Every structure is written in structure tokens, then in C-alpha cells.
Amino acid sequence: VAYDTRPARGWPGGAEWSVVEARDIDAVDWSQWAGDTPPAATALFLSWPPSSTPAGADALRLFRGDLVVVVGDRGLWTGCERFHRDLDLEWREVLCLRIAQWPRMEDDMRIFERKCLSRAA
């Protein structure tokens, strides 16, 4: 589970943060999402994948479904270089939505479908 390691507290006009349980990514059983046949109608949701680690790229590589939802700023602060390269090569953007943003941030929510829907990996 990935989340902001330095959440803002009491930002003027901003939202407060909820308590989040910290768990190592290795503690999560990813097998149902990384198999040859994913559960029907699955999507991977990535909100601000870190730019300092390959966590987002690894999640994208292991995911076998056909839809990915990404919330972020298109690479300024989110997602490592490999994440953005793989997203460009293997996924097609089908929808982009404006979302609530922190001041001076340019993030959005984008929905992608796999370019090759065969799920062959």
C-alpha cells in the first residue's frame, strides 16, 4: 500500500488526512492480481505513484487486467521514468478528468486501457 509519507497538516483551505495503516508492499498478497487470468472487471488504481522507487512501474508490470486509473501530475513528482515509459508503450489513454488539486499542482485522473487486450505476458 503506497501513500504520502509526508502528509500536510492544516493546509489553509486544504483537507486533513485520514489515518493510514502502514504496511510493507511485500505483506500484501498480490497473487490474485498477477496471475494469468485476473478477476473479471478489474482495474488498477494508482494515486501518486512514487517517483523515487519503481513501485508504480512494478504494479503496472504485474497487473494483468485491462484498465488502469492513474492520479498524478504526469511525471513532475509522480511515477518513475520506467513507469511513464511503460504507460506510454503499453497503455492507451481513454479518458482524462480534472480533479480537486492542491495549490500550484497540476494533477489529473487518467484512465487507460491496455493496447493489446490479449493479456499475454
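Buried means under 20% relative accessible area, exposed over 50%, and partly exposed anything in between. Keep those cut-offs handy for the close-ups below, which all come from a predicted model.

**View 1. The whole chain, with its 3 helices and 4 strands.**
Start with the overall layout before zooming in. Going along the sequence, the protein chain runs α-β-α-β-α-β-β. It has 121 residues, and 26% of them count as buried. The chain exposes about 8400 Å², with carbon and sulfur atoms supplying 56% of that. If you take the contacts between residues at least 6 apart in sequence, 60% of them join residues at least 24 apart.

**View 2. The open sheet, with its 4 strands in the order 1-2-4-3.**
The pairing in this sheet is mixed. Strand 1 (43–47) and strand 3 (91–98) sit at the edges, each pairing on one side only. On average, neighbouring strands are turned by 20 degrees against each other, direction ignored. Two helices pack on this sheet. Helix 2 (residues 55–62) touches strand 1, strand 2 and strand 3, and its direction makes about 175 degrees with that of strand 1. Helix 3 (residues 81–90) touches strand 1, strand 2, strand 3 and strand 4, and its direction makes about 110 degrees with that of strand 3.

**View 3. Strand 2 and its pairings with strand 1 and strand 4.**
With strand 1, strand 2 pairs in the parallel sense, over 5 bridges. Look for Leu44 here: its bridge partner in strand 2 is Val68. With strand 4 (residues 108–114), strand 2 (residues 67–72) pairs in the antiparallel sense, over 6 bridges. One residue pair to pick out is Gly72 and its bridge partner in strand 4, Asp108.

**View 4. The two faces of strand 1, one covered and one uncovered.**
In a regular strand the side chains alternate between the two faces of the sheet. Here, Leu44 and Leu46 make up the covered face of strand 1. The uncovered face holds Ala43, Phe45 and Ser47.

**View 5. A nonpolar surface patch made of Trp48, Leu76 and Trp77.**
Together these three residues have about 380 Å² of accessible area. Trp48 is in the loop between strand 1 and helix 2. Its relative accessibility is 32%, so Trp48 counts as partly exposed.

**View 6. The salt bridge between Arg74 and Asp108.**
Side chains of opposite charge can pair when their charged atoms come close. In this pair, the closest N and O atoms are 2.9 Å apart. Arg74 is in the loop between strand 2 and helix 3, while Asp108 is in strand 4, so to speak a link between distant parts of the chain, 34 residues apart. Are the two partners buried or partly exposed? Arg74 has 43% relative accessibility and therefore counts as partly exposed. Asp108, on the other hand, comes in at 9%, so it counts as buried.

**View 7. The salt bridge between Arg110 and Glu93.**
The closest N and O atoms of this pair are 3.7 Å apart. Arg110 is in strand 4 and Glu93 in strand 3, and the pair links parts of the chain that are 17 residues apart. Why does Arg110 count as buried? Its relative accessible area is 9%, and the cut-off for buried is under 20%. Glu93 has a relative accessible area of 35%, so this residue is partly exposed. Now zoom out a little: Arg74, Glu93, Asp108 and Arg110 are linked in a network of salt bridges.

**View 8. The salt bridge between Arg92 and Glu113.**
Here the closest N and O atoms are 3.2 Å apart. Arg92 lies in strand 3 and Glu113 in strand 4, so this pair ties together parts that are 21 residues apart in sequence. Arg92 counts as partly exposed because its relative accessibility is 38%. Glu113 is partly exposed as well, at 25% relative accessibility. The structure holds 8 salt bridges, the Arg92 and Glu113 pair being one of them.

Terms used
Residues numbered from 1 in each chain as written. Predicted model: local features only at pLDDT ≥ 70, side-chain atom pairs only at ≥ 80, totals over all residues. Heavy atoms only, no water. Pairing = 2+ DSSP bridges. Axes fitted to C-alpha atoms, helices over the stretch in contact; angles between N-to-C directions. Contact = heavy atoms within 4.5 Å. Patch = residues over 30% accessible without salt bridge, like charges linked within 9 Å, V, L, I, M, F, W, Y side chains within 5 Å. Areas by Shrake-Rupley, 256 points an atom, 1.4 Å probe, with all protein chains shown as cover. Salt bridge = Lys/Arg side-chain N within 4 Å of Asp/Glu carboxyl O. Buried < 20%, exposed > 50% of the residue type's maximum accessible area, 1.4 Å probe, protein only.
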